[in-house]
Amino acid sequence: MKCLLIASESAEILFHWTDQEFQQNVQEKYSSSQEEGEGLPAFEDIISTLFAPIIISCGTMVYRQGDSYTSFTTENNHIYALCQFDECLYIAVNGDGEEKEDDLRRKLYVLRKITEVMFGMVTLSGSLLRKELRPQDTEQRVRLWKHLQSLVETYNYLRESDQSFLVEAVERLIHPTLCEQCIEFLERRLVQQINSSSLVERAGEEVLHTFILVHTKLLAFYSSRTASTLNTSDLLTLIIMAQNMYPSNVELDEPSPEVQPPISYSKIIYNYLEVPALHCINILSMAEDSLHTLDIGPPDPSTPRRVFLELKDGQLPMVPHSMYCLPLWPGITLVLLTKVPNIQITRSVYSFLEDFTKLEKCLNEGQAGSGAARGQLNMHNTRSKLDKFIRDLGPSELQLLNVWTEFKNRAFTRGGSGLIPLCKSMKTRLCSLYRQRFLTDTGSSDGPRCLSPALQERAQTMVQEKLMDWKDFLLVKSKRNITMVSYPLQKEEFPGLVHFIWVDRSSGQIIAPSLNITERTTSELGKGPVARYIKSKVWGLVRTTRQYLRKGYSTVTLRDGDFYFCYFLWFENENGYKLEAGDIPILPDDSPPIGMLGYDYYRKLLRYYGKNHQGEAVKCYELLTVHLGVIPTEIILQHCRQLASKLWEPSRNPLL
């Protein structure tokens with residue numbers, strides 16, 4: 001009984017995803033209220049009718065009181081979580097008791113992150129986001145919704161089956177020699193050859209980042225010297241997109257009875273031998289309700305995905321890139337991220353959007369006269385920059401010029417009255433310019449806009465030749481990356497240790513023994529009910545520690561039946577010396593979720609803690625352990641200290 005949706009201020013549904021149980025439940029309720037012989041309306045119309053009172057009441061409270069509710073529980077114990085992002089309302093519902101309010105809020109932030117990566121700054125304008133999510137062309141809308149629904153289902157599956165998405169950190173394959181060789185190969189062979197090819201062949205694009213995935217684990221990652229660091233939130237989102245394009249082979253990764261691959265709405269019947277080598281788009285299945293009969297084919301497989309990523313540690317968000325996802329073998333994928341031409345426009349648009357947002361906030365909070373006066377003082381510098389920016393764009397941006405001219409007449413010559421609507425109009429026009437340059441396909445009269453198919457195929461072949469002798473090993477390694485009886489620890493050193501998760505929150509990377517709970521493979525935890533029970537305990541421990549961390553606790557120890565759980569969060573300098581523990585901020589219940597995917601809590605925490613350590617590089621680490629309950633507490637705490645020390649040692653983790 002699960003549902004996600006995005007709604008506009010006018011209560012129009014811009015996107016929705018539901019599981020089969022929720023859909024059946026809603027349809028049964030409506031069918032019982034229908035007159036005999038009267039057919040059910042389209043499911044989208046049912047959803048609109050069902051959620052309209054909630055959307056309208058939430059919008060009314062925001063308009064009248066400047067605030068609204070963020071969650072509520074109905075009499076039948078259905079939980080609703082709501083988040084207002086700019087001009088759109090995001091709603092998540094759970095009616096089967098499997099998710100708590102924090103889980104729903106996390107899904108909303110992840111959905112928001114996915115839309116930001118897909119549409120960039122267009123998400124800042126409700127009217128423009130509506131055009132993207134509800135295009136007039138029916139086939140285009142069906143294709144888009146199916147793709148977005150499939151991404152949601154892929155995330156849901158990974159969150160319940162993959163430790164890296166449980167704690168929201170990236171997991172690397174631990175094989176130092178091969179990883180180093182692959183990084184060197186990506187730098188000196190692959191990227192150099194692509195970037196040195198002709199401008200026509202690469203359409204003016206330049207490879208900034210490239211990485212190799214084995215299922216969801218990172219084998220090698222390389223960034224060019226001119227590229228900004230790719231943050232963890234963006235990288236995790238790209239892994240979701242890559243896994244959605246080329247999902248893990250069911251025969252090789254048999255799911256546990258508890259966790260099934262995403263099948264509702266968009267069950268993927270995937271045969272790698274039948275899909276073109278450069279196929280970058282999910283094959284879409286049935287359409288929505290009345291659109292079931294439409295035959296929607298995939299777009300051109302050589303066309304990349306346009307993605308929008310952060311630069312400079314979030315100082316410049318939503319910069320356009322092209323994402324090429326090239327399958328090497330089932331379960332192994334090469335991803336290229338290229339810089340597209342004319343991205344300097346992004347910097348200017350974002351800067352102007354910030355200026356108009358600040359001015360609008362100033363005008364809303366203060367009196368009209370004083371607010372306008374402060375706005376004029378702040379906007380003088382913007383005026384000259386924006387005048388030059390519009391002149392450089394040429395006569396094609398007449399609408400932006402007209403709105404800007406009216407704004408100047410009001411702000412600088414008429415006392416500044418009526419500026420709030422014009423601020424909104426300016427932001428919409430700037431976002432529209434951004435959309436036109438980086439999202440709207442205006443034709444290919446000037447030639448192709450992506451790496452040529454031949455260049456993509458060469459890149460694919462080069463990496464296949466490099467990894468040909470390693471592919472089978474990598475697929476096995478991805479299932480048992482680290483075990484409790486191998487590198488980097490010996491089992492006799494830590495008697496009673498059942499499982500651990502170590503996370504470097506500064507780099508967003510995780511080390512943890514594998515938890516593959518299948519009927520066909522056996523790990524140290526065995527298989528069947530016992531192994532699944534331990535896995536459920538680990539998932540529950542992570543949720544529990546987040547609750548305590550939200551309340552300001554950085555250390556948690558608790559006993560649960562036959563197990564003893566520990567959680568530690570601490571800070572170190574770059575030399576590995578532990579820094580004095582400070583107070584962790586206490587968060588309200590409706591604060592963003594703790595993690596790194598939908599919202600980077602740890603980046604904010606590092607900035608908060610770093611205020612008292614100016615000029616010093618501060619690192620943040622987490623360690624979760626599961627011990628047998630018979631082990632004395634003092635021994636468990638000693639194990640935790642030793643384990644943290646071993647995992648930190650550079651000689652044991654050269655790539656972390």
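The questions and answers below concern a predicted model of one protein chain.

User: How many helices and strands are there in the chain, and what share of its residues is buried?

Analyst: In this predicted model, the secondary structure of the chain comprises 18 helices and 16 strands. Burial is counted under a cut-off of 20% relative accessible area, and over the 656 residues of the chain the buried share comes to 53%.

User: What percentage of the contacts in the chain with a separation of 6 or more is between residues 24 or more positions apart?

Analyst: A contact here requires heavy atoms within 4.5 Å. Among the contacts with a separation of 6 or more, the portion made by residues 24 or more positions apart is 71%.

User: Is S8 buried or exposed, and with which side chain does the side chain of S8 make a polar contact?

Analyst: S8 sits in the loop between strand 1 (2-7) and strand 2 (13-18). Because its relative accessible area is 10%, S8 is classed as buried. Leaving out residues up to four places away in sequence, S8 touches L14, I55 and E87. Its side chain also takes part in a polar contact, at 3.0 Å, and the partner is the side chain of S10.

User: How far apart in space are L337 and T210, C-alpha to C-alpha?

Analyst: L337 belongs to strand 11 (residues 332-339), and it is buried because its relative accessible area is 0%. Outside its neighbours within four places in sequence, L337 is in contact with a set of residues including E206, V207, L208, H209 and F211, as well as L230, L238, V307 and L309. L337 and T210 are 127 residues apart in sequence, yet their C-alpha to C-alpha distance is 6.0 Å.

User: What is the volume of the largest cavity?

Analyst: Searching the whole structure yields seven cavities of 30 Å³ or more. For the largest cavity, the volume is about 90 Å³.

User: Which element gives the most to the lining of the largest cavity?

Analyst: The lining of the largest cavity includes V542, T545, R546, L549, E622 and L624. Two elements give two or more residues to this lining, namely strand 16 (618-628) and helix 16 (529-550). The element that gives the most, with four residues, is helix 16.

User: How many nonpolar, polar and charged residues are in the lining of the largest cavity?

Analyst: Among the lining residues are V167, R505, Y567, I594, G595 and Y602. In this classification Arg counts as charged, Tyr as nonpolar and Gly as polar. Sorted by class, the lining has seven nonpolar, two polar and three charged residues.

Key:
Residues numbered from 1 in each chain as written. Predicted model: local features only at pLDDT ≥ 70, side-chain atom pairs only at ≥ 80, totals over all residues. Heavy atoms only, no water. Buried < 20%, exposed > 50% of the residue type's maximum accessible area, 1.4 Å probe, protein only. Polar contact = N/O pair within 3.5 Å; in protein donor to acceptor, adjacent residues only side chain to side chain. 1 Å grid on protein atoms, 1.4 Å probe; cavity = no way out; pocket = protein on both sides within 12 Å on 5 of 7 lines; lining within 4 Å. Points joined across faces, edges and corners; volume = space filled by probe spheres on them.
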